[in-house]
Amino acid sequence: MEKSQDYFGKAMGNFIHEMSGAGAIRHMVDQGYSIRQIMERLDYPTPQCRVEETALKHMLKQGILLERLPDQEYRQIKIPASWDRRQLSEAVYVRKERDGEDFSYVLLPIAELKKDKELLSCLSDRERDYLCGLPWEGAEVYHRLTGRMYEIAIELSVAIRNGLRFYFIKSREEVVLLRSANSA
């Protein structure tokens, strides 16, 4: 009897969550809101872990986050470290426009970024909030180059020692910022 009550309670909780806020959470995820921004805007009190779970499921389902890229060979495009932010931004932007946002990703070393806050010092508070609030527990994740993530990725790629890797699925290209032997 206890099992059926537990099942019923869980089902009822899921129904209430779906009716009260899950759709709003998914919509705000699509708009690029951080977990904190979503929590602040919900009309119905929802535990943060529930918001994170709903956001993560939606991000995975929509392809905003990928655990791995499609299994194919990628031609590596090497960008000199001497290039400035504008040159790197243009190189990535041109490829993003060509392949489309849905087929353009950046590989984020998310665990390293969340652990070492100094790496994030180049970002605005809003950008840091988004990145640190990503509900991802693994070491790294591929994030679609949405408007917000494009800005974050360019800043991080210029600022952090190893840069970031950008992937363009349709054209099968991987853009890598080269570092000199002295800076490696």
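**Entry 1: overall layout.** I began by counting elements and found seven helices and six strands in the protein, in a model that is predicted. Reading from the N terminus, I wrote their order down as α-α-α-β-β-α-β-α-α-β-α-β-β. I then looked up burial, and of the 184 residues 43% count as buried. For the contacts between residues at least 6 apart in sequence, I noted that 69% join residues at least 24 apart.

**Entry 2: the nonpolar cores.** I turned next to the interior, keeping in mind that nonpolar side chains in soluble globular proteins tend to be buried together. The largest nonpolar core has 41 residues, and the members that touch the most others are Leu 108, Leu 131, Leu 156 and Phe 166. Helix α7, which covers residues 147-159, gives the most to this core, with six residues. I followed Leu 156 outward and, leaving aside residues up to four places away in sequence, found it touching Leu 113, Leu 119, Leu 120, Cys 122, Leu 123, Leu 131 and Leu 164. There is also a second, separate core of eight residues, and I listed Tyr 74, Tyr 105, Tyr 142 and Tyr 167 among its members.

**Entry 3: the aromatic pairs.** How many aromatic pairs does the structure hold? I found three. For Tyr 142 and Tyr 167 I noted ring centres 5.6 Å apart and planes at 75 degrees, so this pair is edge-to-face. Because Tyr 142 lies in strand β4 (residues 141-144) and Tyr 167 in strand β5 (residues 165-168), the pair ties together parts that are 25 residues apart in sequence. Are these two tyrosines, Tyr 142 and Tyr 167, buried or exposed? Both are buried, and together with Tyr 74 they form one aromatic cluster.

**Entry 4: helix α6.** I looked along helix α6, residues 125-132, and recorded Glu 127, Asp 129, Tyr 130 and Leu 131 as its buried residues. These buried residues pack against α2 (35-41), α3 (48-62), β3, α5 (110-115), β4 and α7. Arg 128 is found in the helix too, but at 23% relative accessibility it counts as partly exposed, because buried means under 20%. Not counting residues up to four places away in sequence, Arg 128 touches Leu 120, Ser 121 and Leu 123. I also compared Arg 128 with Ile 152, and they are 24 residues apart in sequence and 8.5 Å apart in space, C-alpha to C-alpha.

**Entry 5: the largest pocket.** I then searched for empty space, since rolling a probe the size of a water molecule over the atoms shows where it is left. The largest pocket has a volume of about 260 Å³. Its lining consists of 14 residues, and those nearest its centre are Pro 109, Ile 160, Asn 162, Gly 163 and Leu 164. Strands β3 (104-108) and β6 (173-177) each supply at least two residues of this lining. Sorted by character, the lining holds eight nonpolar, two polar and four charged residues.

**Entry 6: the cavity.** Last, I checked for enclosed space and counted one cavity of 30 Å³ or more. The largest cavity has a volume of about 60 Å³. Which residues line the largest cavity? I wrote down Val 29, Tyr 33, Ser 34, Ile 35, Ala 55, Met 59, Tyr 130, Gly 133, Leu 134 and Pro 135. This lining divides into eight nonpolar, two polar and no charged residues. Tyr 130, one of the residues lining the cavity, is also one of the buried residues of α6.

Note on methods. Residues numbered from 1 in each chain as written. Predicted model: local features only at pLDDT ≥ 70, side-chain atom pairs only at ≥ 80, totals over all residues. Heavy atoms only, no water. Core = buried A, V, L, I, M, F, W, Y, C linked by side-chain atoms within 4.5 Å. Buried < 20%, exposed > 50% of the residue type's maximum accessible area, 1.4 Å probe, protein only. Helix = DSSP H or I, 4+ residues; strand = E, 2+ residues; numbered from the N terminus. Contact = heavy atoms within 4.5 Å. Phe/Tyr/Trp six-rings, centres within 6.5 Å; stacked < 30°, edge-to-face > 60°. 1 Å grid on protein atoms, 1.4 Å probe; cavity = no way out; pocket = protein on both sides within 12 Å on 5 of 7 lines; lining within 4 Å. Points joined across faces, edges and corners; volume = space filled by probe spheres on them. Nonpolar A, V, L, I, M, F, W, Y, C, P; charged D, E, K, R; others polar.
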